[in-house]
Structures are given as structure tokens and as C-alpha cells.
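Visitor: I would like a close look at a single helix in this structure, with its surroundings and the criteria applied. Please set it in the context of the whole chain.

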Amino acid sequence: MSSFSGSHPFDITLLRTFIVVVECESFADASERLAITPSAVSGHIKRLETAAETTLFKRTTRRMTLTAQGEVLYTYARNIVELEREARARMHHMPLKRHLRVGASEDFAGTWLPILLQKFSQWHPGITVELKVGITTSLLKEKNDGGVDIVFGKYCQRVHEPGFLLWEEPLVWACGSAANFSQQERLPLALFPEPCVYRESAINALSHAEIPWRLAFESVSMAGCISAAKAGFAVTPLAKSQLRHGLKWLSEKEGFPALPHVRFYAFFRENMPDINALTALVKEMGQWQAFNEQSETTAITPLS
């Protein structure tokens, strides 16, 4: 594999196997999903590496990760397989998936996702969308059980569940613009019930900094936590892009410990043209919201 000749075309069957291996991070798990033997999966990857004239995976005793060349091929492989499926559907006048079941954490559903889904339905008249809001871990279980087709959720660490990273941004402390919390008092917090990655990250950060705290407000609604923060009743952890008028960011200068970055993912059961089209739109909008300081939570500007 020292010199590249470019003489071996890529077999789409091998590309499909490659995609599943990447998503499962395991030959054994990929073999179960593909209903072929692990040795057959291994053989597909070896043949693909021969065609690519490079190594695609770095293997250790604990895990398997993509090489730089593997990352490049994975991006192209997804597009190739998606285009092949779409071409077959269009050639035979077959509709793409008509009913798309979407699960989303409130970070998405409580801000711009419903508007984006409405636009998506307008741009794809043959597709209807059903949205279910919940906690990421619960929605992932429902996806694995076949209840939803795609989940948009968040984590504050790398995930083992096969997922597509959409973007990441800082997690910050937020409270009302006029609020002032004395460091001599137990810090009042507005949090989601367990399990919640924002709650866990906030409590861990305060515990490590030895800052006393108390639970002042608990709600299954992000809107509720934000309202409590805006009223000056409590401090709440938020993704930076969710800061809005009436809230201020409490930084380390004010004595608040740093919080980890929050990572937003798309998790889906299978690659389908409509699912990948929606994922691309959510990624574009999410990145624009996260990195455009002047953005409004309901804007659809970059997608129009």
C-alpha cells in the first residue's frame, strides 16, 4: 500500500459494510446488523482496503477507530450509498420514506427544530414528519426498539452509541440579567430531573470546585428552567447558543467553575435519503445557531 494507482473501483457492497462497521465500531456487531458472519465482514473490509490502497482502521486491544484516510472514505461512502438508493427509488418511481418519526431533546424541540421540520415537509411534499420530545437516553432506547427513525440528542462526552456529530459548543451558567448570587450562599439551581447531562455536568463542576448548591427548581421543561433563571430565582446550565434576551452568562470571572462542551448528535437506525437530508439541514442550522452570535432561536435564514 505504498504507492497509489487508483486502478481498483470501489464495490458498493463493500462500502455498505464499511459504513455499518464504522457505525457499530465492531466487526461482531456489524455482522449481526448485516446478517453475515464476522469473517465475511472482515473479508469485505480487507477487500475495500485493497481497493483503496490504504489502511482504513486503527485497531487496538480495546477499540477500533478510523484512520485519516478512513475518515475521508466514510464521508464519501455515505454519499455514494445514499445516491445509489435514491437513484433506484427515482428510476422505479418509488416514493422515499413517507412518514419520518423524529425524536429530539428539548434543546432542539424547544427552539428552532419545529420550524425547520415544517420547512422540510414543505420542501419534500411526499414526506410527513412526526416529532417526539424526550430525554436523549430514553429516545435512543425507543430508536433501538424501532419506535423512532432518528434521534437528535446531546451528550457532554464522546458517545459509544453510533452517532453522527452535528456540532459542539460550550455549556455555560445562565441567570437573569439583573440577578446577583452571593458566593456565601448555597447556589440555587434550576435543573432537569435525572438523568440529564446538563444536570450531571453542573453538579460535578460545583462539587469539584467545592461550591455549595441547592436544588431550587426542577422541571422536565427547558422553558421552565429558563424562566426560573430569567426571574433571578436560580442559575441553570445551558448550551451557549441557547442564551437569549434576559439571560446573562456567568463565567469563571464571577467565580463559576468551567463546564464541559456539549455535543449534539444525530442517531439513526438506517441511512435513507430523507433521513440524511434532514440530518444535513439540522447540522447546518445548529452550527449556524451555535457560531452566529446575533442569531435568533427561530431564524431559518441560512436555509432559505
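Guide: The following account begins with the basis of the model, turns to one helix, and ends with the cores.

This is a predicted model, in which local features need pLDDT of at least 70 and side-chain atom pairs count only at pLDDT 80 or more, while totals for chains, interfaces and linings use all residues. Residues are numbered from 1 along each chain as its sequence is written, and side-chain values use heavy atoms, with hydrogens and water left out.

The protein chain has an average pLDDT (the predictor's confidence in each residue, from 0 to 100) of 82, and 86% of the residues score at least 70.

Helix 2 spans residues 27–34; helices (H or I, at least four residues) and strands (E, at least two) are DSSP runs, numbered from the N terminus. At its start, a side-chain oxygen of Ser 26 comes to within 3.2 Å of the backbone nitrogen of Ala 28. Within helix 2, Phe 27, Ala 30 and Ser 31 are buried, that is, under 20% relative accessible area with a 1.4 Å probe, protein chains only. These residues lie on the same side of helix 2 because they cover an arc of only 105 degrees around the axis, taken from the directions from the helix axis to the C-beta atoms. Their cover includes helix 1 (12–24), helix 3 (38–52), strand 1 (57–59) and strand 2 (64–66). Just after helix 2, Ala 35 adopts a positive phi of about 60 degrees.

As for the wider chain, the largest nonpolar core has 63 residues; such a core is a set of buried Ala, Val, Leu, Ile, Met, Phe, Trp, Tyr and Cys residues joined through side-chain atoms within 4.5 Å. Apart from it lies another core, of 22 residues, including Leu 14 and Leu 48.

Key:
Buried means under 20% relative accessible area, exposed over 50%, partly exposed in between (1.4 Å probe, protein chains only). Contact means heavy atoms within 4.5 Å. A polar contact is a pair of N or O atoms within 3.5 Å; within protein, one must be able to donate a hydrogen and the other to accept it, and residues adjacent in sequence count only if both atoms are side-chain atoms.
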